[in-house]
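Dear colleague,

I am handing over the structure we spoke of, and you will find it just below. My notes on what came out of it follow.

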Amino acid sequence: MLPFTLDLLPLVLLGAVLGLDVVSFPQAMISRPIVAATLAGAFAGSPAAGLVVGVALECLALETLPFGASRYPEWGSASVVGGLIGTRGADGALLPDPGAWVIGVMAAIATAWVGGWSMVQHRKLIARWARPRLEELAAGSMRTVVSLQVYGLTADLLRGGGLTLLGLTVAWPISTWAIASWRLGALETRGVLILGAAAVAASAVWKVLHGYSVTRRLFVAGLAVGTMLVGFRG
Amino acid sequence: MAPTPSLPTGMKAAPLPVATRASMLLRCLAIQGSWNYEILNGNGIGFCVEPALRHLPGGVGGDAYREALARQCAYFNAHPYLASLAVGALARAELERTPPDRIVRFRTALCGPLGSLGDRLVWAAWLPACSLVALLLFGLGLGPVGVAVGFLVLYNTGHLALRAWGLGSGWLHGLRLASALGAAWLQRGPQYIARGAALVAGIALPFAANRAIGGGASIEPVPLAVMALTPCLAFLLVRLHGKVEGWQLLFGLLAILVFYSTVLH
């Protein structure tokens, strides 16, 4: 069963705060998956497994940069959902349970996608609230300026919390079923997941950094050095 | 409201008190708090400039204050970090009682450059670079605290420095902000950061992948398969750029994996 009431409250609050960090305040990137999923994992008693879930999600987040008014996945609240689901059954271990990890990543992707939609709705909501107050703004009312700001921040906090609650409510029973029925070996499962995440990250680096000379050559050179070093270490 | 007369030519605004500057910097962290499709970041700019406007003749609620706040709350858009440059420059312009039409023109002209420069410097260079450094720290074996704190300290050193520099530099240059925007580090920064990030990415990905798989010998079948197939899948994703996002493809791949492992296997 989903850990309701007191267990759930801090997680929803965490999701709310991290959702707020994405755009509204303070954009310190505590909402990046590598931090957010680790925090969620720590809440569940498995920070190391949370970090591993966060690493997979961070690879995906590299592809979706938060450019201006565009719609992009919201990884803050989503990583709390992914981190919590992904560390189920880890019990303090260094690596997540394979089935939980897969469902955790899927839950985070789905929540991030819904989160992107919810951010657009949030912006529309503030616009709806601002429209009848444009005259007050044009008259230089400090009260209106501050109230719009506070309203926007509060609505975003609630959006993040609601999104986290929704994500956990939907993903929790699915993860319970998936963990119990998972048959594929741990190494094979992790292999598929890492293959996908690493490929997304590599393609993101290729696409994002292509605008500058030499970057692609540096990336390939680094890849060769990294692969060799890992090979030697192995 | 009657237009407020400007200061005589050459009159400089008095330096802002430390508390006012601190308040403006703190407010800059919430500059996007009311971002919306009506006036975009306009209200946020007004919110951040407001502590400085209290020093206008007549104080809070005075004609000068209200006129200036109204101007600053109009439509505006820029990168959130570099918007602090606009906040500093606009605060100075208002306190120096620059003619309103000049302020409005200046404000409008700032949107484009601050947006594109900030996007290139922060979203397309600094953020991915810090993210890749965090992946490298993970790959090198650091624990949850080391990776998370390492990322946050590195990222926010740049983030907060940029906001603080922006506010100070905006105030210093006022309407002559072009010289600050032309700084070599600002123009060439994205290029250098991107090059460093590309190199770090190359080294980080094999290390991070190896540790996430379990850290075993890389000559075993699964790690070898991952090593061989990752570039192929990445190449496919680059080719599909604009048609499908990587995270969407991965979601589909994982859905098939769940079906296989729970139903078929």
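Chain B carries 19 positive and 10 negative side chains, and the centres of these two sets lie 8 Å apart. Please bear in mind that this is a predicted model, and that the remarks below should be read accordingly. The accessible surface of chain B comes to about 10,900 Å², with 69% of that area belonging to carbon and sulfur atoms, while 53% of its 265 residues count as buried.

As to the fold, chain B has 10 helices and 0 strands, so that its pattern along the sequence reads α-α-α-α-α-α-α-α-α-α. Its radius of gyration is 24 Å, well over the 18 Å that the globule rule gives for 265 residues, and chain B is therefore more spread out than a compact globule. The C-alpha trace spans about 80 × 35 × 30 Å along the principal axes. Among contacts in chain B between residues at least 6 apart in sequence, 76% join residues at least 24 apart.

One helix that I looked at in detail is α2 of chain B, residues 42-53, whose 12 residues should span 16 Å at 1.5 Å a residue; the end C-alpha atoms are indeed 16 Å apart, which agrees. This helix is mostly covered, with 12 of its 12 residues buried, including G42(B), E50(B) and P51(B). The cover comes from both chains: it includes α6 (134-138) and α7 (142-181) of chain A, together with α1 (18-28), α3 (63-72), α4 (83-95) and α5 (100-139) of chain B.

With best regards

Methods:
Residues numbered from 1 in each chain as written. Chains lettered and ligands numbered in written order. Predicted model: local features only at pLDDT ≥ 70, side-chain atom pairs only at ≥ 80, totals over all residues. Heavy atoms only, no water. Helix = DSSP H or I, 4+ residues; strand = E, 2+ residues; numbered from the N terminus. Rg over C-alpha atoms; globule rule 2.2 N^0.38 Å. Buried < 20%, exposed > 50% of the residue type's maximum accessible area, 1.4 Å probe, protein only. Contact = heavy atoms within 4.5 Å. Areas by Shrake-Rupley, 256 points an atom, 1.4 Å probe, with all protein chains shown as cover. Lys, Arg positive; Asp, Glu negative; His and termini not counted. Charge placed at Lys NZ, Arg CZ, Asp CG, Glu CD. Expected span 1.5 Å × (residues − 1).
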